[in-house]
Amino acid sequence: MEFQMGEQADELRTELRSLVKEQVPEHFLGAFTDDPADLETAQQFCRTLARRHLLCMAWPEQFGGREASVWEQTVVREEMWAHHEPRGAQYMGVNWVGPIIMKHGTAEQQRRHLPPIAAGEVIWCQGFSEPEAGSDLASLRTTARRAADGSDGWLVSGQKIWTSYATMAQWCFLLARTTRVGDGGVAKKQQGLTIFLVPMNDPAIQVRPIRTMLGPHHLNEVFFDDLRVTEADVLGTVDDGWSIVQDVMSFERVGIARYARCERLLAAAPTVLGDRWEELPAELRGRWVRMLTHCRRARLMAYRVVELQNSGQIKPGDAAAYRIAVTKLDQDSAEVLTDIAAEVAHDDPRAGWFLGEVEDHWRYSQASTVSSGSIEMQRILLSRSLLAGAK
């Protein structure tokens, strides 16, 4: 497999890095800090990308894209994640909400939702996990029952948890049970589920932030108290939401190029330490080399999954294998980088940037094998895929 993407991709990387250098503060550690200016930096940066048609490059022109290849979009993913995702929460709309609405949405839903995403003007959150339905998502208890007034609507009641960006999102990609198991021909818990696209400003929705070491805005509880939704809010077919969920997972788990940030920090370590680099224990430098090797392996796995996704051949086991590799890389590289950071002279002018980046990377990595599907569930998916292929 050719590792290089070609001259066009190199030019795109140069353009993106130049934009980051010009418009993103040097010590930016993401949009979701205690400083409101960081979120505004991300929102403004998204609008800049959108004006240059760089935000949703691979989207069709009719939806605000420029018909670029999936490899050009991959370059955008890599450069954004390497620089602490200056798109903020917009990556969710770009990477999977938009593509899912293109695939499953009505013409009206596409007209309503895709242009604002492509313009960098709207933030989405994902209403999936619940207190007793995280990794076992199909066991969720949030229900949508038919309204008793004879209208075409439902009333949604229930609770979601670990909902990223819910305090700032304008829309929620919500999964709810519309038919109980045992009713209407629904025999399995994966049946009878429906996706709704709902506005977060409805008074029937309450958001409660969950403080964590990742900082504010990342995680929240969301409560639905007889939220009224209609047929126009249904994405796809009623009771067939699980098929959409499977599509979401394949897009979501590939869309974040985690390896790019790991590789950037590892590559910067020798420069930051300068002459002290050669004084590091050989064992630590050996671990550093192994992590760089693992970065390249994760990158190549990502490229394979991107190609499978692009050709419509991706399976749950493909995305799961990549997810396992890249989340383990997150944690293992964070440990190596933390040990290297301990050797940095704090009076060195380069120390502040590096130490801040490494600490942020370590904190984020602690949740990486749990968020978006635990690593245990990814191993189960991979095992099932391998067993099915062996039959």
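Let's start with two helices of this predicted model: helix H4, residues 90–104, and helix H5, residues 107–118, pack with their axes 10 Å apart, at an angle of about 165 degrees. Because angles over 145 degrees count as roughly antiparallel, H4 is roughly antiparallel to H5. If you follow the pair in the structure above, you will see that H4 passes H5 in a left-handed crossing.

Which residues bring the two helices together? On the H4 side they are Gly-93, Val-94, Val-97, Gly-98, Ile-101 and Met-102, and they meet Gln-109, Gln-110, His-113, Leu-114 and Ile-117 of H5. Sorted by class, this contact of H4 with H5 holds 6 nonpolar and 5 polar residues, and no charged ones.

H4 also leads us to the interior of the model. The largest nonpolar core is made of 78 residues, and Trp-124, Phe-128, Phe-173, Ile-195 and Leu-227 are those with the most contacts inside it. H4 supplies the largest share of this core, with 8 residues. There is also a second core, separate from that one, with 33 residues; among them are Ala-257, Val-272, Cys-295 and Tyr-303.

Our last stop is helix H8, which spans residues 282–310 and contains Gln-309. Is Gln-309 buried or exposed? Its relative accessible area is 17%, and since buried means under 20%, Gln-309 counts as buried. Which residues does Gln-309 touch, leaving aside its neighbours within four places in sequence? Look for Ser-250, Phe-251 and Ile-314, which are in contact with Gln-309.

Definitions and conventions. Residues numbered from 1 in each chain as written. Predicted model: local features only at pLDDT ≥ 70, side-chain atom pairs only at ≥ 80, totals over all residues. Heavy atoms only, no water. Axes fitted to C-alpha atoms, helices over the stretch in contact; angles between N-to-C directions. Helix = DSSP H or I, 4+ residues; strand = E, 2+ residues; numbered from the N terminus. Parallel < 35°, antiparallel > 145°, perpendicular 65-115°, else oblique. Left-handed = near helix turned anticlockwise from the far one by under 90°. Contact = heavy atoms within 4.5 Å. Nonpolar A, V, L, I, M, F, W, Y, C, P; charged D, E, K, R; others polar. Buried < 20%, exposed > 50% of the residue type's maximum accessible area, 1.4 Å probe, protein only. Core = buried A, V, L, I, M, F, W, Y, C linked by side-chain atoms within 4.5 Å.
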